[in-house]
Structures are given as C-alpha cells and as structure tokens.
Amino acid sequence: EQLYGSAKQATRRWWVRPVLRKRETDGAFSKLVQDLEKEDPQWYFEYLRMTPTKFKELLAIVKSKIEKKHTNWRRPISAATRLALTIRHLATGESKRSLSYQYLIGRSTVTLIVAETTEAIWTSMKSQCLKPPTQSTFQTIADKFMRRWDFPNCIGAIDGKYIRLRCPENSGSTYFCHKRFFSVVLMAVVDADYKFQFVDVGAEGSAGDSSIFARSSFGCAILNGTIETPEPKPIPNGTILPHVFVADEAFPLKMNIMRPFPGGLSVADRQKRVYNYRLSRARLVVENAFGILAARWRIFNSPINCKLETVDSIVKACCCLHNFVMSENSQYCPINFVDAQSGNREIIPGAWRTMVSDNWLQRQQRQGANNFAVTPMTIRTKFLEYFNSGQGALPWQEEYLSG
C-alpha cells in the first residue's frame, strides 16, 4: 500500500550522461590545455595564470589530496583535470555551469571539485607559501622597504579587504557590511615584494570594527608582542626604534604598528603631512598586493556563490597561489603591473587598477577609537622627526606636498 505523500522514484535515463564519457578525449583539459602547453605558452599562462612547469609543480604538491581511486564502475576524474578546472574557476570567476560544459563534468561534481581542491591547495601549501617570517627574514624585508620606499625598520604593511559573496543561507544581516553588500574580511600583512606574510579570512562583514584585526591570529600576535620580530635598531639618524608594521587610520597605533596622524591634526602641520605621505608610500605595497590578487584571480570581481567554508578556502588558496606564482614568474606581475615612481617621484598607477572592479578598491572601515599610550605616540614622533630631518628628508617631498 502506498503511503500518503510518497512519490514514485524517478527512473534514471543513464548512470553517466553519454557526452560526459568523452571527457578524456574531448574535455577542455584533455584537448585545449594540452594544445596550449605544446603550441602557445602565452595563452597557457593566461588560461591558468602559471606556466606548465609551475602547474606540474603545483600538481605534485596537491595530488595526494585530490586524487581518487579507480573502481570497477568508472574511471575517476584525474587529479590534473581537477586542479586545472579549479584554477580556471579562480582565474576567471567563470560559472560552474560553464565549466561543466567545457570540462565535460557534471555541475554538482564541479562544485565538489572546487571545494575539495581549494582546501587541498591551502592545507598543502600554507606551510610553504605563508611560512611565518623569522627574524632574519624580517630584517631582509626591512632592508627592502628602506631601499624601495624610504621607510626604515618597516617589516610589513597591514590592511583588510571585503570579499563579496552571495548572501549565505539563514545568515540574516551577519555578513552585510557598511558598504552595503554581503562579505567576509580578508586581513593580511604584505612584504616589500607584494607577497602575503600572514592572512586571516572569515570575519563577518558586519563584525565590530575594533574586533576584526584583534581577533585575527596574527593580529593577536602583533598586539600582544608575541610575534618574533628583530630587536630595535638604529635608523639612519642614529635613533634606536623598534621594527614596525605600517597601516592606515583604520588600525590602532601601537608599539609595533604605525598609522597616520588624523587628517584634522595633519592638514595644518607640514611635518605631520610629510610623515603621513611617507607612511602612505610604504603602504602602497599592500594596496598593490590586493590589486594583483584581484586582477589575476578574477573570481574576486563578482560575488562568490559558494558555501561559507568554500569561500574561506577559495580566498586562502588564492593567497597561496599568488605567492607561489609571484616568486618565479615575471608574467604574473610584469614591471608596469604595479604602482611605480617616475623620475620626479610621482606615483604611476599600475595596470592592475584598470582590471579590477570599483568595489574591490573600497577600503575597510575604521577599527574603533584607536586610543593609544604615550610610548607608541613617541615612536611615531621619532619617525616624524627623521622624515623631516636633513638625514631622512627626501629631496622631492616638499615639492610633492606643495603640488
């Protein structure tokens, strides 16, 4: 006897759609990607954001986590196909339906592959691509900041970005930020080579301003002074100062975090304007790192339509891939791709700025009242004095401020 409300189970027309059986001969990886590798390296790079050599190196790293076992019923989708599909999704933001047609893989399977592979990229590569800097590494970073951006004892630039996403189910306004879209926050520290040192992903877009940075793992370490930074060192005028991270006005002024003077205090004070200008030059590295990330991994140019845990994996995987490819490939970040200085020290906007959406350029909001003790304020004053001294002033900074 049939129970009330039960429905007759639909009979499947086939176990595997016939066209999908042609994956190994006609799918995008078996045909297009292989042809590009043999015949057109430039298009291969544009397709996967990396060279064939880097792709094979990446595959070797993650293969054990994404490879599936053969069964008596069917051949599994190869690890190389899974990785290429995922990279293409991250590189373009192309829909899973579109990738399903190209790679001859069912749409639900594409969704599963993206989730599993991005998580595998993060877990396999975070220790290699986001290895916590040692004191020696920090010192190298500080030397580069001084040489390139004229800011002594700087060991990183901090900033946060809102990552847009589709409204998560049953989340209410939890992820709705003041920019009026749903988001999670990517908080990061960037070195002088536009590479990520630390990343923290997943804070809700509506989270309290002052708690986002403080709740991040590296934020706690920086604020608590437990991060292994080099000992204080004399800057060129002989003043001994600690090594610091630079940040914008959204972050607190601390012993090891330097932020600008508030606008109202600096407009009428030329020395404070000089300090703010010099700090903003050093901060260009984090703005450019985010810009390169969004320009190369175009999934960030529209709201990400995935489960929250997959969104976190996607963002962290992209940060790993950014560092992985940035290390050895000039195609990923050519000279004109980032902001540069002209002969008269004017900032020339990088090409990435024409490739990302306006929403990506929006900054994170203030992090609260930012009260500070006398000691951090004294350190900031010492930097101000150096930037305005005969030893620390740049020949063209007065002209820049007058322009």
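Which residues have the most contacts inside the largest nonpolar core? They are Tyr103, Phe196, Trp297 and Phe300, and the core that holds them has 123 residues. A nonpolar core here is a set of buried Ala, Val, Leu, Ile, Met, Phe, Trp, Tyr and Cys residues joined through side-chain atoms within 4.5 Å, where buried stands for under 20% relative accessible area, exposed for over 50% and partly exposed for what lies in between, with a 1.4 Å probe and protein chains only. Helix H12, residues 270-296, gives the most to this core, with 14 residues.

The model is a predicted one, in which local features need pLDDT of at least 70 and side-chain atom pairs count only at pLDDT 80 or more, while totals for chains, interfaces and linings use all residues. Residues are numbered from 1 along each chain as its sequence is written, and side-chain values use heavy atoms, with hydrogens and water left out.

The protein chain has 403 residues, of which 50% count as buried, and its secondary structure comes to 15 helices and nine strands; these are DSSP runs numbered from the N terminus, with helices being H or I runs of at least four residues and strands E runs of at least two. Among contacts with a separation of 6 or more, 68% join residues 24 or more positions apart, a contact meaning heavy atoms within 4.5 Å.

Tyrosine 103 offers a way into the core. Not counting residues up to four places away in sequence, Tyr103 touches Arg23, Gly27, Ala28, Phe29, Val33, Tyr47, Thr81, Ala84, Leu85 and Arg88. One of these partners, threonine 81, sits in helix H5, residues 79-92, and is buried, with a relative accessible area of 7%. Leaving aside neighbours within four places in sequence, threonine 81 is in contact with Phe29, Tyr103 and Ile105, and its C-alpha atom is separated by 5.8 Å from that of phenylalanine 29, although the two residues are 52 apart along the chain.

The loop between H6 and H7 holds leucine 104, whose phi is near 55 degrees, a positive value in a residue other than glycine. At 11% relative accessibility, leucine 104 counts as buried. The axes of the two helices, H6 (residues 96-103) and H7 (residues 107-129), come within 9 Å and cross at roughly 105 degrees, the axes being lines fitted to C-alpha atoms over the stretch in contact and the angles running from 0 to 180 degrees between N-to-C directions. That makes H6 roughly perpendicular to H7, since angles of 65 to 115 degrees count as roughly perpendicular, those under 35 as roughly parallel, those over 145 as roughly antiparallel and the rest as oblique. On the H6 side Lys96, Arg97, Leu99 and Ser100 meet Arg107, Val110 and Thr111 of H7.

Helices H12 and H13 also pack together, at an angle of about 100 degrees and with their axes 10 Å apart, and they are therefore roughly perpendicular to each other. Here Ala289, Ile292 and Leu293 in H12 meet Cys318, Cys319, His322 and Met326 in H13. Of the 19 residues of H13, 16 are buried, so this helix is largely enclosed by the rest of the structure.

A further positive phi, near 65 degrees, belongs to tyrosine 194, which is found in the loop between strand S2 (183-190) and strand S3 (196-204). Tyrosine 194 counts as buried, at 12% relative accessibility.
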